[in-house]
Amino acid sequence: MGEIVVTESLTLDGVMQAPGRADEDPRGGFVHGGWAAPYADAVMGAEMAKGMTRPGVMLFGRRTYEALAEYWPKQTDGNPYTEKLNKVRKYVVSSTLVEPLPWMNSTVVPGGGDVPAAVAALRDATDGDIAVLGSGQLVRTLAAAGLVDRYVLLIHPLVLGTGLRLFDGAELGELRLTGSVTTGTGVIIATYEASRRTS
């Protein structure tokens, strides 16, 4: 059985929307796209590279998948992530995408509309990590079903005040800190094991 590992960039006020590009996700009139880019440094790169070396597969929501599929297959600059992202088996939760998908080694998660059941079946059939990048709506669905095993949260020293937040609407839950690294730009990369209250 695999473990579902969520990697998410957040602001101090919990915003996860559009960290990478200005035009990434303007839903709700969001105008702060690309907020995470100035905080990238060598420490962050090294920490993220550790996750890329672990065996497993990747899981995306449709919006994140389409954004990454538009970018990574075109990269030829020797970025160390390019080969990994292109070659790894990728699963996409979507009710609208149909195969064949445009990015190599990509498959729509079978199982119809029951996302938690479909992802639980994928986890049971997978050895190694099931890495989820971004995909906030999917992450909230998986967390509500108790399917997230670990969070790697890149907490940026920034308050935006607006934007979609990772834990909006979440139920009471506890996380256990298992490691943390602070980058030279003040980003705290915190790893948490997820657990649920039983009462």
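1. A word on names before we start: helices here are DSSP runs of H or I with at least four residues, strands are DSSP runs of E with at least two, and both are numbered from the N terminus. With that in hand, S135 is easy to place, in the loop between β5 and α5. Please keep in mind as you read that this is a predicted model.

2. Let us begin with the sheet. It is open and is formed by 8 strands, which follow the order β4-β3-β2-β5-β1-β6-β8-β7 with mixed pairing. The edges belong to β4 (106-108) and β7, each of which has a single partner strand, so one side of each has no neighbour in the sheet. From one strand to the next, the twist averages 25 degrees.

3. How do neighbouring strands come together? Strands of a sheet pair through backbone hydrogen bonds, and they do so either parallel or antiparallel. Both arrangements can be found here. Strand β1 (residues 3-11) runs parallel to β6 (residues 150-156), and 7 bridges join the two. To find this pairing on screen, look for V6, whose bridge partner in β6 is Y151, and for L10, which has I155 as its bridge partner in β6.

4. Now turn to what β6 meets in β8. These two strands run antiparallel and are joined by 6 bridges; one pair to look for is V152 with its bridge partner T191 in β8. Is β6 largely enclosed or left open by the rest of the structure? It is largely enclosed, because 6 of its 7 residues are buried.

5. Strand β5 is a good place to follow two further pairings. It runs parallel to β1, with 5 bridges between them, and the bridge partner of T7 in β5 is L133. Strand β5 also runs parallel to β2, this time with 4 bridges. There, M58 stands opposite A131 of β5.

6. Two helices deserve a look against this sheet. Helix α1 (residues 42-52) packs on the sheet and touches β1, β6, β7 and β8. The direction of α1 makes about 170 degrees with that of β6. Helix α5, for its part, lies across β1, β2 (56-61), β3 (90-93), β5 (129-133) and β6. Relative to β2, α5 runs at about 110 degrees.

7. Which helix gives the most to the lining of the second largest pocket? That is α5, with 4 residues. The pocket itself holds about 530 Å³ of space. It is lined by 23 residues, and the closest to its centre are A143, A144, Y151, E171 and G173. The elements that give two or more residues to this lining are α5 (136-144), β7 (174-182) and β8 (188-195). Sorted by class, the lining has 12 nonpolar, 4 polar and 7 charged residues.

8. Y151 is worth a second glance, as it appears in two of the points above: it is the bridge partner of V6, and it is among the residues closest to the centre of the second largest pocket.

9. The loops around α5 hold two residues to check. On one side is S135, in the loop between β5 and α5. Phi of S135 is near 55 degrees, a positive value in a residue other than glycine. Its relative accessibility is 7%, and since buried means under 20%, S135 counts as buried. On the other side is G146, in the loop between α5 and β6. G146 is buried too, with a relative accessible area of 18%. From G146 to H156 is 10 residues along the chain, and their C-alpha atoms are separated by 26 Å.

10. A last stop is the loop between β3 and β4, which contains P100 and N105. Most residues other than glycine have a negative phi, and most peptide bonds are trans. Against that background, the bond joining E99 and P100 is a cis peptide bond, with omega about 5 degrees. N105 is a residue other than glycine with a positive phi, near 60 degrees. Is N105 buried or partly exposed? At a relative accessible area of 31%, N105 is partly exposed, because that class lies between the 20% and 50% limits.

Key. Residues are numbered from 1 along each chain as its sequence is written. This is a predicted model: local features need pLDDT of at least 70, side-chain atom pairs count only at pLDDT 80 or more; totals for chains, interfaces and linings use all residues. Side-chain values use heavy atoms; hydrogens and water are left out. On a 1 Å grid over the protein atoms alone, a cavity is a set of points where a 1.4 Å probe fits but cannot get out, and a pocket is an open set with protein on both sides within 12 Å along at least five of seven lines; lining residues have an atom within 4 Å of a point. Grid points are joined across faces, edges and corners, and a volume is the space filled by probe spheres set on the points. Ala, Val, Leu, Ile, Met, Phe, Trp, Tyr, Cys and Pro count as nonpolar, Asp, Glu, Lys and Arg as charged, and the others, Gly among them, as polar. Two strands pair if DSSP finds at least two bridges between them. Axes are lines fitted to C-alpha atoms, for helices over the stretch in contact, and angles run from 0 to 180 degrees between N-to-C directions. Contact means heavy atoms within 4.5 Å. Buried means under 20% relative accessible area, exposed over 50%, partly exposed in between (1.4 Å probe, protein chains only).
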